[in-house]
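The following exercises are to be worked with the sequence and the model at hand. Each task is followed by a solution in steps.

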Amino acid sequence: MQNGQAAADPATVFAALAEIVYHGADPSEAYAAICVGATMLVPGCDHASLMLRDGRAYVTVGASDAVARHVDDLERATGEGPCVDAIEEEAAQIEPDLSVSEQWPHLAPGVVRQTPVRGAMGFRLRVDDRKVGSLNLFSDTPGAFDLAAAAAGSVLAAFAAVSVAAVSRGEDVASLRNGIESNREIGKAIGLLMALNKISDDEAFELLRRTSQQVNVKVAELARTVVDQHRRATKGSS
């Protein structure tokens, strides 16, 4: 979240993003809006980018600013980093402090030397069970990215995945709206299942899918049930 900027109301930001995507905005405009939205929604996020896979290459299709684009350039040049790994690996990539990180020895020094970025997160975007890209979040403050930031990022990544799918398929407004609402709930439910059961995002999604088949309900409906049950349990314990 950019320095000095007050936290934005998530419902307001998602509504604004949805309006941009619903009304058939140019893909680059929609992707840029999602990246700017990340700096408003995710605690500690100062810059964001959206990277999609094009064959064997990774292309930045949207960014909040030049800093985010430069970090993406460095990842492509070194072939490593949270954004690239988020596309290829099974779990979200989180590095709270690149200045002391040993995870990406070729990338981290360049990022620290050439940009104000100190923390990074990468969230895989999945469309029809295909890993198509990543939502990449960057912080100028070491240690700013924590579990709360990761949870907010995972929900926004679900929104971004639906938007990418809709753009690629040319879906109508009604289909897109239903997809976004479903995936926002799925993103929340997956985050809850990961936290409660200490499992990966893939395992949480598979648990939702398998349970949905067993009880013969749609995944989105089951996701809403998981979230609602958690809310009631939280209220009951407070």
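**Exercise 1. The cysteines**

Is Cys 45 buried or exposed, and why? Determine also whether Cys 35 or Cys 45 takes part in a disulfide.

*Solution.* The model is a predicted one.

Step 1. The relative accessibility of Cys 45 is 0%, and Cys 45 therefore counts as buried. The cut-off for this class is under 20% relative accessible area.

Step 2. Cys 35 is likewise assigned to the buried class because its relative accessibility is 0%.

Step 3. A disulfide is a covalent bond between the sulfur atoms of two cysteines. The test applied here requires two cysteine sulfur atoms within 2.5 Å.

Step 4. For Cys 45, the closest cysteine sulfur belongs to Cys 35 at 8.9 Å, which is too far for a bond. A search of the whole structure returns 0 disulfides. Cys 35 is accordingly in no disulfide, its nearest cysteine sulfur being that of Cys 45.

**Exercise 2. The sheet**

State the strand order of the open sheet, and explain why E2 and E3 each have one side without a neighbour.

*Solution.* Step 1. The 5 strands are arranged in the order E2-E1-E5-E4-E3, and their pairing is antiparallel.

Step 2. Strand E2 (57-63) and strand E3 (93-95) are at the edges; each has a single partner strand, so one side of each lacks a neighbour in the sheet.

Step 3. From one strand to the next, the twist averages 20°.

**Exercise 3. Pairing across the sheet**

Trace the pairing from E3 through E4, E5 and E1 to E2, giving the number of bridges at each step.

*Solution.* Step 1. E3 pairs with strand E4 (residues 119-127) in the antiparallel sense over 3 bridges. Here Ile 94 is opposite Met 121 in E4, and Glu 95 has Ala 120 of E4 as its bridge partner.

Step 2. E4 and E5 are joined over 9 bridges, again in the antiparallel sense. One bridge partner pair is Leu 125 with Gly 133 in E5. The two strands form a hairpin with 2 residues between them, and Asp 128 in the turn has a positive phi of about 55°.

Step 3. E5 and E1 pair in the antiparallel sense over 6 bridges; His 47 has its bridge partner, Phe 138, in E5.

Step 4. E1 and E2 also pair in the antiparallel sense, over 6 bridges, with Ser 49 opposite Ala 63 in E2. A hairpin links E1 and E2, with 2 residues between them; in its turn, Gly 55 has a positive phi of about 70°.

**Exercise 4. Cover on the sheet**

Which strands do helices H2 and H3 touch or lie across, and how many residues of E4 and E1 are buried?

*Solution.* Step 1. Helix H2 (residues 27-41) packs on the sheet and touches strand E1 (47-54), E2 and strand E5 (130-139). The direction of H2 makes about 140° with that of E1.

Step 2. Helix H3 (residues 66-78) lies across E1, E2 and E5 and runs at about 175° to E2.

Step 3. In E4, 8 of the 9 residues are buried. In E1, 6 of the 8 residues are buried. Each of these strands is thus mostly covered.

**Exercise 5. The nonpolar cores**

Identify the residues with the most contacts in the largest nonpolar core, and the elements that contribute to this core.

*Solution.* Step 1. The largest nonpolar core has 29 residues; those touching the most other members are Leu 50, Met 121, Leu 125, Leu 135, Leu 137 and Val 164.

Step 2. Two or more residues come from each of H2, E1, E4, E5 and helix H6 (147-169). H6 gives the most, with 9 residues.

Step 3. Leu 137 may serve as an example: among the residues it touches are Ala 38, Cys 45, His 47, Met 121, Phe 123 and Gly 153.

Step 4. A second, separate core has 17 residues, including Met 51, Tyr 58, Cys 83 and Ile 87.

**Exercise 6. A threonine in H2**

Why does Thr 39 count as buried, and which backbone oxygen lies 2.6 Å from a polar atom of its side chain?

*Solution.* Step 1. Thr 39 is part of helix H2. Its relative accessible area is 3%, and Thr 39 is therefore buried.

Step 2. The backbone oxygen in question is that of Val 36, at 2.6 Å from a polar side-chain atom of Thr 39.

Technical notes
Residues numbered from 1 in each chain as written. Predicted model: local features only at pLDDT ≥ 70, side-chain atom pairs only at ≥ 80, totals over all residues. Heavy atoms only, no water. Buried < 20%, exposed > 50% of the residue type's maximum accessible area, 1.4 Å probe, protein only. Pairing = 2+ DSSP bridges. Helix = DSSP H or I, 4+ residues; strand = E, 2+ residues; numbered from the N terminus. Axes fitted to C-alpha atoms, helices over the stretch in contact; angles between N-to-C directions. Contact = heavy atoms within 4.5 Å. Core = buried A, V, L, I, M, F, W, Y, C linked by side-chain atoms within 4.5 Å. Polar contact = N/O pair within 3.5 Å; in protein donor to acceptor, adjacent residues only side chain to side chain. Lists of a residue's contacts leave out its neighbours within four places in sequence.
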